[in-house]
Amino acid sequence: MNLPRFSTRLHRAAALALLPLLALTACGSGDTGGTAPAGAQAAAGDDPVADVRKVDSIAALLPAEVREAGTLRVGSSVGFPPGAYYPNGTDKDPEGQDIDVADAVAKVLGLELQRQDASFETILPALGSGKYDVGTGNFGVTEERLKTIDFVTYINDGQGFAVRKGDTKLGKKKITDLVQLCGLTIGTGAGTTFEATLTAQKGVCAKAGKKPYDVKVYAENAATLTALQQGRIDVVMSTINGLRHQASQPASQTEFLGEFHRLDVGFAFKKGSPLTKAFQAAVNELIKDGVYARILEKWGTTASAIDASEINPREHL
């Protein structure tokens with residue numbers, strides 16, 4: 001569903017009200033998988049993007065009309081740290097790992113990004129209609145999406161679960177099989193790989209002779225967190241990095257239950273886009289010169305680093 005602008009502002013207001021729960025100054029004992037808590041470096045003032053310069057040989061891979069225009073329209077889903085969020089209100093620029101990577105790529109290409117906020121589930125369809133040139137929003141690469149979308153990868157994130165702190169329904173066990181969720185209510189984002197996975201596998205409970213799980217879908221991450229804190233849902237399925245970061249914030253009162261399924265994450269384009277080779281080369285340039293590593297270190301997501309960007313890799317099994 002494409003939310004009206006007024007409705008989107010209301011959801012953002014709700015998200016801003018919860019920002020103390022998602023603040024970047026990480027402390028607490030969230031599971032970080034061997035890395036610093038997500039966002040722990042962000043307050044240090046490091047700005048890796050400031051050092052990035054245009055690389056003419058890579059910019060030459062762009063179509064001539066794009067080089068001449070000097071701009072690209074970006075459909076951007078801004079959710080929560082460490083990916084992309086509004087630390088200072090929606091009248092200020094968004095920040096986060098995805099924002100820094102996109103800005104650094106644009107500088108390599110000598111382009112200016114014209115960001116347009118959009119709800120997550122509307123961006124991929126809008127690429128096909130030509131509304132945006134590229135989409136960002138932690139889009140995981142799946143076989144289903146590859147039928148209509150081209151991807152240029154820049155991190156490896158994926159699917160994970162979290163519960164309220166102290167909740168014993170799942171016994172603090174890592175979720176390795178969706179049968180473990182039978183009889184529970186799961187909250188997740190609209191139009192996400194999480195919703196698709198839960199919907200596709202809903203029959204596993206009946207096969208196991210158990211009560212089915214229920215799925216509640218939310219348009220905003222702040223609404224999902226509120227539902228979890230208020231006990232209207234039992235568990236959240238979302239991004240690995242996002243849930244790790246959230247669990248590192250004491251005020252969120254959540255516990256991360258581990259990784260469920262890894263996914264490559266990438267910039268999204270309409271099928272057959274002439275922009276993919278230039279974006280891939282730009283990401284690989286950032287990896288080679290160390291800016292990429294600095295961005296991930298800044299946001300505490302080093303465990304999601306990739307060795308090289310790919311165009312349309314196969315989904316991880």
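**A buried serine, helix 10 and the aromatic pairs**

Ser-273 is buried, with a relative accessible area of 9%, a value that falls under the 20% at which a residue ceases to count as buried. In this predicted model, Ser-273 is found in the loop between strand 8 and helix 10, and a polar atom of its side chain lies 3.1 Å from the backbone nitrogen of Leu-275.

Helix 10 comprises residues 276–289. At 1.5 Å a residue, the 14 residues of this helix should span 20 Å, and the end C-alpha atoms are indeed 20 Å apart, which agrees with the expectation. The buried residues of helix 10 are Thr-276, Ala-278, Phe-279, Ala-282, Val-283, Glu-285 and Leu-286. In general, an α-helix has 3.6 residues a turn, so residues three or four places apart point the same way. Just after helix 10, Gly-290 takes a positive phi of about 90°.

The aromatic residues were examined next. Where ring centres within 6.5 Å are taken as a pair, the count comes to five aromatic pairs. In one of them, the rings of Phe-120 and Phe-139 have their centres 4.6 Å apart and their planes at 25°, and the pair is therefore stacked, since planes under 30 degrees apart are classed in this way. Phe-120 lies in helix 5 (residues 120–129), whereas Phe-139 lies in the loop between strand 3 (134–136) and strand 4 (149–164), so that the pair ties together parts that are 19 residues apart in sequence. Both partners are buried, Phe-120 with a relative accessible area of 15% and Phe-139 with a relative accessible area of 0%.

Phe-269 and Phe-279 form an aromatic pair that is edge-to-face, with 5.0 Å from centre to centre and 75° between the planes. Because Phe-269 lies in strand 8 (residues 254–270) and Phe-279 in helix 10, this pair ties together parts that are 10 residues apart in sequence. Phe-269 is buried, as is Phe-279, and these two residues, together with Tyr-154 and Phe-267, form one aromatic cluster.

A further buried polar residue is Asn-241, which is found in helix 9 (residues 240–247) and counts as buried at 6% relative accessibility. The side chain of Asn-241 is joined to that of Ser-304 by a polar contact of 3.0 Å.

Terms used: Residues are numbered from 1 along each chain as its sequence is written. This is a predicted model: local features need pLDDT of at least 70, side-chain atom pairs count only at pLDDT 80 or more; totals for chains, interfaces and linings use all residues. Side-chain values use heavy atoms; hydrogens and water are left out. Rings of Phe, Tyr and Trp (its six-membered ring) pair if their centres lie within 6.5 Å; planes under 30 degrees apart count as stacked, over 60 as edge-to-face and the rest as tilted. Helices (H or I, at least four residues) and strands (E, at least two) are DSSP runs, numbered from the N terminus. Buried means under 20% relative accessible area, exposed over 50%, partly exposed in between (1.4 Å probe, protein chains only). A polar contact is a pair of N or O atoms within 3.5 Å; within protein, one must be able to donate a hydrogen and the other to accept it, and residues adjacent in sequence count only if both atoms are side-chain atoms. The expected span of a helix is 1.5 Å times one less than its number of residues.
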